[in-house]
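Open the model in your viewer and keep the selection tool ready. This tour goes from stop to stop.

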Amino acid sequence: FLREFMDDTLKGSDELEKTTGLPVLGLLPNIKSQSEDQVALLAHTEPRSPFAEAIRSLRTSLKFSTQYGAPRITFITSSNPSEGKSSIALNLATAYAQVGSKVLLIDADLRNPSIHHLLKLDNLEGLTNYLAGAGDAAEIGRPCLVKQLRVVTSGPIPPDPVELLSGKRMTELLEVSMGEFD
């Protein structure tokens with residue numbers, strides 16, 4: 001009884017909505033039987049799976065979340081490491097690409113990047129190189145195995161990621177990308 005009394009975690013989406021006053025956009029099934037590499041590409045490799053269907057449902061919820069449709073830029077974050085940010089971002093980007101949208105996925109996790117690993121791309125150059133002054137914003141996205149999806153890998157891990165991400169070049173990258181991608 002004492003343990004349950006002291007437990008202040010949220011137990012469901014209804015409780016989350018009540019506590020935050022914000023709507024839940026989607027619920028994703030918990031998949032423990034597959035590796036992170038497999039889960040990250042489920043929308044691509046198993047488009048009829050319950051997880052892929054939940055991702056498409058999230059995409060639809062985002063589309064109707066504003067009067068203008070889905071946000072042009074979506075930022076995926078969480079309060080703890082290893083909660084599935086990269087898997088959700090990659091699956092959501094794939095779901096948008098599957099309906100014909102031109103999508104750019106930017107791995108801005110400059111402390112523990114994983115998108116390059118999940119897509120089996122090298123990470124020698126990427127976002128950090130661009131933010132440090134190298135390259136052109138219109139040319140840093142690379143194709144990957146998902147049609148209509150281009151990826152900006154993180155690049156080498158920098159000593160001060162916050163400073164790089166809050167700089168003028170990040171804003172410039174997002175502005176240029178909005179002109180080229182949906």
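What should the 14 residues of helix 6 (residues 85-98) span at 1.5 Å a residue? The expected span is 20 Å, and the end C-alpha atoms are 20 Å apart, which agrees. That expectation is 1.5 Å times one less than the number of residues. Helices (H or I, at least four residues) and strands (E, at least two) are DSSP runs, numbered from the N terminus.

This is a predicted model: local features need pLDDT of at least 70, side-chain atom pairs count only at pLDDT 80 or more, and totals for chains, interfaces and linings use all residues. Residues are numbered from 1 along each chain as its sequence is written, and side-chain values use heavy atoms, with hydrogens and water left out.

**Stay on helix 6.** Of its 14 residues, 11 are buried, so helix 6 is largely enclosed by the rest of the structure. Buried means under 20% relative accessible area, exposed over 50%, partly exposed in between (1.4 Å probe, protein chains only). Select the buried ones, among them Leu90, Asn91, Leu92 and Tyr96. Now show what they pack against: the partners include helix 5 (50-63), strand 1 (103-106) and strand 3 (149-152). Contact here means heavy atoms within 4.5 Å. Just after helix 6, click Gly100: its phi is positive, about 95°.

**Next, select Ser177.** Ser177 sits in helix 10 (residues 168-180). Its relative accessibility is 9%, so Ser177 counts as buried. A polar atom of the Ser177 side chain lies 2.7 Å from the backbone oxygen of Leu173.

**Last stop: Phe5.** Find Phe5 in helix 1 (residues 2-6). Phe5 counts as exposed because its relative accessibility is 61%.

Note on methods:
Polar contact = N/O pair within 3.5 Å; in protein donor to acceptor, adjacent residues only side chain to side chain.
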